[in-house]
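Here is a short guided look at one protein chain, written to be read with the model open beside you. We will start from a single residue and work outwards.

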Amino acid sequence: MKTASVQTVCECQARLGAELDEQQLALRGWARCRHEQHAKAAPVTHMKGGGGNFQLGWACPCCGRNTLRSFHASALVYEAAPEAPRLDPEG
């Protein structure tokens with residue numbers, strides 16, 4: 001399966017990321033909090049948009065905010081499934 005990755009920054013400056021399938025549906029999300037080395041799981045939800053746009057919403061595990069970002073489907077680059085960042089098993 002081919003996947004694409006997107007990244008953005010939360011208001012708390014955590015780096016948020018998601019792995020998407022070819023229908024722009026989120027397969028998994030992660031966050032890397034400021035001053036931490038390990039990524040944490042971050043729930044992510046896909047919301048339809050119009051005109052080639054779609055939105056992703058994350059529940060940031062670093063600050064608790066719900067972060068909504070818009071993306072354009074034509075900007076995605078699909079590749080064979082990349083290795084996602086390792087998640088910190090301690091949460």
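## Starting at Thr67

If you set aside the neighbours within four places in sequence, Thr67 touches Cys10, Glu11, Leu16, Leu56, Gly57, Trp58 and Cys60. Please keep in mind throughout that this is a predicted model. Thr67 belongs to strand S7.

Is Thr67 buried or exposed? Its relative accessible area is 2%, and because buried means under 20%, Thr67 counts as buried.

## The chain as a whole

Stepping back, the chain contains eight strands and zero helices. Its pattern along the sequence therefore reads β-β-β-β-β-β-β-β.

For 91 residues, a compact globule would have a radius of gyration near 12 Å, and the 13 Å of this chain agrees with that. Along the principal axes, the C-alpha atoms fill a box of roughly 35 × 25 × 15 Å. Of the 91 residues, 34% are buried. The exposed area of the chain is about 5,700 Å², with 47% of it supplied by carbon and sulfur atoms. Among contacts with a separation of 6 or more, 40% join residues 24 or more positions apart.

## The five-stranded sheet

How are the strands of the open sheet ordered? The order is S4-S3-S2-S1-S8, five strands with antiparallel pairing. At the edges sit strand S4 (40–41) and strand S8 (79–80), each of which pairs on one side only.

Strand S8 joins S1 through two bridges, in the antiparallel sense. If you would like to find this pairing in the model, look for Thr3, which stands opposite Glu79 in S8.

## Strands S5, S6 and S7

Strand S6 has partners to look at in both S5 and S7. With strand S5 (residues 44–48), S6 pairs in the antiparallel sense over five bridges. Lys48 has Phe54 in S6 as its bridge partner. The hairpin of S5 and S6 has four residues between the strands, and Gly51 takes a positive phi near 65° there.

With strand S7 (residues 66–72), S6 runs antiparallel and is joined by seven bridges. Gln55 stands opposite Ser70 in S7. This pair of strands also forms a hairpin, with six residues between S6 and S7; in the turn, Gly64 has a positive phi of about 90°.

## The nonpolar core

Nonpolar side chains tend to be buried together in soluble globular proteins. In this model, the largest nonpolar core has 16 residues, and Val6, Ala18, Leu20, Leu56 and Trp58 have the most contacts inside it. Strand S1 (2–9), strand S2 (15–20) and strand S6 (53–59) each supply at least two residues of this core.

Ala18 makes a good viewpoint for exploring the region. Leaving out neighbours within four places in sequence, Ala18 is in contact with Ala4, Ser5, Val6, Arg28, Gly29, Trp30, Val44, Leu56 and Trp58.

## Aromatic rings

How many aromatic pairs are there? The count comes to two. The ring centres of Trp58 and Phe71 are 6.3 Å apart and the planes are at 70°, so this pair is edge-to-face. Since Trp58 lies in strand S6 and Phe71 in strand S7, the pair ties together parts that are 13 residues apart in sequence.

Both rings belong to buried residues: Trp58 has 2% relative accessibility, while Phe71 has 16%. Ring pairs link Phe54, Trp58 and Phe71 into a cluster, and Phe54 is the residue in S6 that bridges to Lys48.

## An exposed proline

To finish, turn to the loop between S4 and S5, where Pro43 lies. Pro43 has a relative accessible area of 54%, so this residue is exposed. Even so, Pro43 does have contacts beyond its neighbours within four places in sequence: Gly57, Trp58 and Ala59.

How far is Pro43 from Leu20? The two are 23 residues apart in sequence and 13 Å apart in space, C-alpha to C-alpha. Leu20 is one of the core residues with the most contacts.

Key. Residues are numbered from 1 along each chain as its sequence is written. This is a predicted model: local features need pLDDT of at least 70, side-chain atom pairs count only at pLDDT 80 or more; totals for chains, interfaces and linings use all residues. Side-chain values use heavy atoms; hydrogens and water are left out. A nonpolar core is a set of buried Ala, Val, Leu, Ile, Met, Phe, Trp, Tyr and Cys residues joined through side-chain atoms within 4.5 Å. Buried means under 20% relative accessible area, exposed over 50%, partly exposed in between (1.4 Å probe, protein chains only). Contact means heavy atoms within 4.5 Å. Two strands pair if DSSP finds at least two bridges between them. The radius of gyration is taken over C-alpha atoms; the globule rule is 2.2 Å times the number of residues to the power 0.38. Accessible areas come from the Shrake-Rupley method with a 1.4 Å probe; for residues, only the protein chains shown count as cover. Rings of Phe, Tyr and Trp (its six-membered ring) pair if their centres lie within 6.5 Å; planes under 30 degrees apart count as stacked, over 60 as edge-to-face and the rest as tilted.
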